[in-house]
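Student: I am new to this structure and would like a close look at just one part of it. Could you walk me through that part step by step?

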Amino acid sequence: MKFRQVFCAQDYATAQAAMLAARAAGADDDDISLIARADIEMERLPNERLDTSTDMVPSALRGAGLGAALGIFGALIALLIPAVDMNFAGACLVVFVGAMVGAWSAALVGSTVPNHVRRKFEREIDAGNILVVVDDQREHEAQVREAVRHAGAKPLPFHDASVLS
């Protein structure tokens, strides 16, 4: 499992230095991304570094759970009504369909929602700062944090596993 660290750089030169420092501290190149205001991303940042992820996968998982719960509720009600001829296989099908519809509809909504990092640090992004996001193994966390801080980027308070990222 990887853990996400977020750093704030005042400009692109500092962000580049932070990326180099993170790589030197053991972070894999593919696990380093940048987030910035749209105009900065278009003008200055390389496309392969941009983090354009949305909240789609976490939303789909939440929707699947909620849909399955509603499916269980619906199946239980159907099992209790004598006029409805529902067996166990039918109840399982209702739960499955509920989970799939919940996942699908929540994923559609989640695809329009910015990711958690972008939402949490919206103020820094709007101020023109560039966020350097590093997803790395726990054993490199302290070395990466210290190296990136030494390169001039400020660590931001974000501690989260990045399993779904």
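Tutor: Let's start from Met100, which sits in helix 4, the stretch of residues 88-110. Keep in mind that this is a predicted model. Just at the start of helix 4, Asn87 has a side-chain oxygen that comes within 3.3 Å of the backbone nitrogen of Ala89. From there, you can check the length of the helix for yourself. Helix 4 has 23 residues, and at 1.5 Å a residue they should span 33 Å; the C-alpha atoms at its ends are 32 Å apart, so the two values agree.

Now for the sides of the helix. An α-helix has 3.6 residues a turn, so residues three or four places apart point the same way. With that in mind, look at which residues of helix 4 are buried: Gly90, Ala91, Gly98, Ala99, Gly102, Ala103, Ala106, Ala107 and Gly110. These buried residues pack against helix 3, which covers 56-80.

What about Met100, where we began? Its relative accessibility is 42%, and because this lies between the 20% limit for buried and the 50% limit for exposed, Met100 counts as partly exposed. Met100 also belongs to a nonpolar surface patch, together with Leu93, Phe96, Val97 and Val101. The patch made by these residues has an area of about 470 Å². To put the picture together, helix 4 has buried residues that pack against helix 3, while Met100 of helix 4 helps to make a nonpolar patch on the surface.

How values were computed
Residues are numbered from 1 along each chain as its sequence is written. This is a predicted model: local features need pLDDT of at least 70, side-chain atom pairs count only at pLDDT 80 or more; totals for chains, interfaces and linings use all residues. Side-chain values use heavy atoms; hydrogens and water are left out. Patches are made of residues with over 30% relative accessible area and no salt bridge: like charges are joined within 9 Å, nonpolar side chains (Val, Leu, Ile, Met, Phe, Trp, Tyr) within 5 Å. Accessible areas come from the Shrake-Rupley method with a 1.4 Å probe; for residues, only the protein chains shown count as cover. A salt bridge is a side-chain nitrogen of Lys or Arg within 4 Å of a carboxyl oxygen of Asp or Glu. Helices (H or I, at least four residues) and strands (E, at least two) are DSSP runs, numbered from the N terminus. Buried means under 20% relative accessible area, exposed over 50%, partly exposed in between (1.4 Å probe, protein chains only). The expected span of a helix is 1.5 Å times one less than its number of residues. Contact means heavy atoms within 4.5 Å. A polar contact is a pair of N or O atoms within 3.5 Å; within protein, one must be able to donate a hydrogen and the other to accept it, and residues adjacent in sequence count only if both atoms are side-chain atoms.
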